[in-house]
Amino acid sequence: MQAEYRARVSMKNPVHFLALGFGSGLIPVMPGTFGSLAAIPLLLACMYVSSVSFIALTLIFSVIGIYLCGKTADDMQVHDHGSIVWDEIAGMFVTFLFVPLSASTLLVGFLLFRVFDILKPWPIGVIDKRLHGGTGIMLDDILAGAMACGCLHLLMVLWPNSLSFL
């Protein structure tokens, strides 16, 4: 069944290429985790941009993701197929809003994001079940990123040296 859905997309189509996380979503095991990992080089490339530029990129990735994910889901004829991982990439960008990037913050932020994305605590799970289309695909990961971001900031305030272990 998975091959049937994947046969409906093409890595030559730029919308599919981006929605599938540059191909990372096609890895047969843990595509969401690999999609999240695909965000790390992009995050590192943005390491020295201003906060305003990072916010702008995060907004652009999130808004464009609504179209990318919705169109790819329509083309695959299935809602939120696991190989669609642009939402993870955008969620990772949300995770690192106003967070200084280092090996430690990347590791902790990545783990926090994956926990929230997988467990889907309220309201993420409700949105994941009830909201469809590109907006639904994107919004649960944006919220997971916001929760991970909040936790990272809390760690930085409460235990400022806790994120300097690497």
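Here a biologist and a modeller talk through rings, pockets and salt bridges in a predicted model.

Biologist: How many aromatic pairs turn up?

Modeller: The count is 5 aromatic pairs.

Biologist: Why is the pair of F22 and W86 called edge-to-face?

Modeller: Look at the angle first. The ring planes stand at 70 degrees, and over 60 counts as edge-to-face, so that label applies. The centres are 6.1 Å apart, within the 6.5 Å limit, so the rings count as a pair in the first place. This pair also links distant parts of the chain: F22 sits in the loop between α2 and α3, W86 is in helix α5, and 64 residues separate them.

Biologist: Are those two residues buried or exposed, and how do you know?

Modeller: They fall into separate classes. F22 has 34% relative accessibility, which lies between the 20% and 50% cut-offs, so F22 is partly exposed. W86 has 4%, under 20%, so W86 is buried.

Biologist: What makes F61 and F93 a pair, and of which kind?

Modeller: Their centres are 4.8 Å apart, within 6.5 Å, so they pair. Their planes are at 70 degrees, over 60, so this pair is edge-to-face. F61 belongs to helix α4 and F93 to helix α5, 32 residues apart.

Biologist: Why are F61 and F93 called buried?

Modeller: F61 comes out at 15% relative accessibility, under 20%, so F61 is buried. F93 is at 0%, so F93 is buried by that cut-off too. Ring pairs join both of them with F17, F22, F54 and W86 into a cluster.

Biologist: On to the pockets. What lines the largest one?

Modeller: The largest pocket has a volume of about 190 Å³. Its lining has 18 residues, with G32, G82, E88, D117 and K120 nearest the centre. Helices α3, α5, α6 and α8 each give two or more residues to that lining. By class there are 5 nonpolar, 4 polar and 9 charged residues.

Biologist: And which classes line the second largest pocket?

Modeller: That lining has 10 nonpolar and 2 polar residues, with no charged ones. Among the lining residues are C46, M47, F54, F96 and L101. The volume is about 160 Å³.

Biologist: What makes E4 and R8 a salt bridge?

Modeller: The N to O distance is 2.6 Å, and the cut-off is 4 Å, so E4 and R8 qualify. E4 is partly exposed at 39% relative accessibility, and R8 is partly exposed at 27%. A search of the whole structure finds 5 salt bridges.

Biologist: How do you know that D75 and K71 form one?

Modeller: Same kind of check: 2.8 Å from N to O is within 4 Å, so D75 and K71 form a salt bridge. Both lie in helix α4, 4 residues apart, about one turn of the helix. K71 has a relative accessible area of 32%, so K71 is partly exposed.

Biologist: Where do D117 and R114 lie, and are they buried or exposed?

Modeller: They are 3 residues apart in helix α6, so about one helical turn separates them. D117 and R114 are both buried. Their closest N and O atoms are 2.6 Å apart, within 4 Å, so they make a salt bridge. A network of salt bridges links R114, D117, K120 and D140.

Biologist: Last one: why does A3 count as exposed?

Modeller: A3, in helix α1, has 60% relative accessibility, and exposed means over 50%, so A3 is exposed.

Methods
Residues numbered from 1 in each chain as written. Predicted model: local features only at pLDDT ≥ 70, side-chain atom pairs only at ≥ 80, totals over all residues. Heavy atoms only, no water. Phe/Tyr/Trp six-rings, centres within 6.5 Å; stacked < 30°, edge-to-face > 60°. Buried < 20%, exposed > 50% of the residue type's maximum accessible area, 1.4 Å probe, protein only. 1 Å grid on protein atoms, 1.4 Å probe; cavity = no way out; pocket = protein on both sides within 12 Å on 5 of 7 lines; lining within 4 Å. Points joined across faces, edges and corners; volume = space filled by probe spheres on them. Nonpolar A, V, L, I, M, F, W, Y, C, P; charged D, E, K, R; others polar. Salt bridge = Lys/Arg side-chain N within 4 Å of Asp/Glu carboxyl O.
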